[in-house]
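Here is a quick note for anyone opening this structure cold. Have a look at the model below, then read on.

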Amino acid sequence: MTYAAITYRVKPGHEDEIAEIFQGFQRVGSSVLRDEQGNEVGRLLGTAVFIKDDLMVRVIHFEGTLEAVSANMAKHGGVHKLEKQLAPYLVRERDTSTTDKFGAYFRDATMRCISQLSADTRPVEAS
């Protein structure tokens, strides 16, 4: 299982408005990620969004690849609605209108992961 953190530079002072946008977010019906042929290529396990001043971070917990997550999100109508609502609060405009453009934004905005720890990777304690 993998985590990714996607950054958004937002205009400070709009945390409440942005929180309202995410409260109305329309989730996908399935957590299964599929490729263009319909094959299962991963699962979206969870997401969380954090905001402070001019930085918002979306943390994504998934199985598979970040490219599969991005491709599936790019096809989701709820994501496009959210992107449109967020646009006035972003410091820089971005184009996420196609799968390729959405993927490019995801790659550019992904934070470098320097550590991922979970119960699954914890060493077994000696008895």
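The points below cover one helix pair and two pockets.

1. A word on the ground rules: this is a predicted model, where local features need pLDDT of at least 70, side-chain atom pairs count only at pLDDT 80 or more, and totals for chains, interfaces and linings use all residues. Residues are numbered from 1 along each chain as its sequence is written, and side-chain values use heavy atoms, with hydrogens and water left out.

2. Start with helices H2 (residues 66–74) and H4 (residues 99–109), which pack at about 130° with axes 9 Å apart. That makes H2 oblique to H4 (angles under 35 degrees are roughly parallel, over 145 roughly antiparallel, 65 to 115 roughly perpendicular, and the rest oblique). Contact here means heavy atoms within 4.5 Å; among the residues making it are Leu66 and Met73 of H2, with Phe102 and Phe106 of H4.

3. Now the largest pocket (on a 1 Å grid over the protein atoms alone, an open set of points where a 1.4 Å probe fits, with protein on both sides within 12 Å along at least five of seven lines; lining residues have an atom within 4 Å of a point). It is lined by 26 residues, and Phe25, Arg27, Leu44, Thr47 and Arg58 lie nearest its centre. Strand S3 gives the most to this lining, with seven residues.

4. The second largest pocket has 14 lining residues, with Thr7, Arg92, Arg94, Tyr105 and Ala109 nearest its centre. H4 turns up again here, supplying the largest share of the lining, five residues.

Definitions and conventions
Axes are lines fitted to C-alpha atoms, for helices over the stretch in contact, and angles run from 0 to 180 degrees between N-to-C directions. Helices (H or I, at least four residues) and strands (E, at least two) are DSSP runs, numbered from the N terminus.
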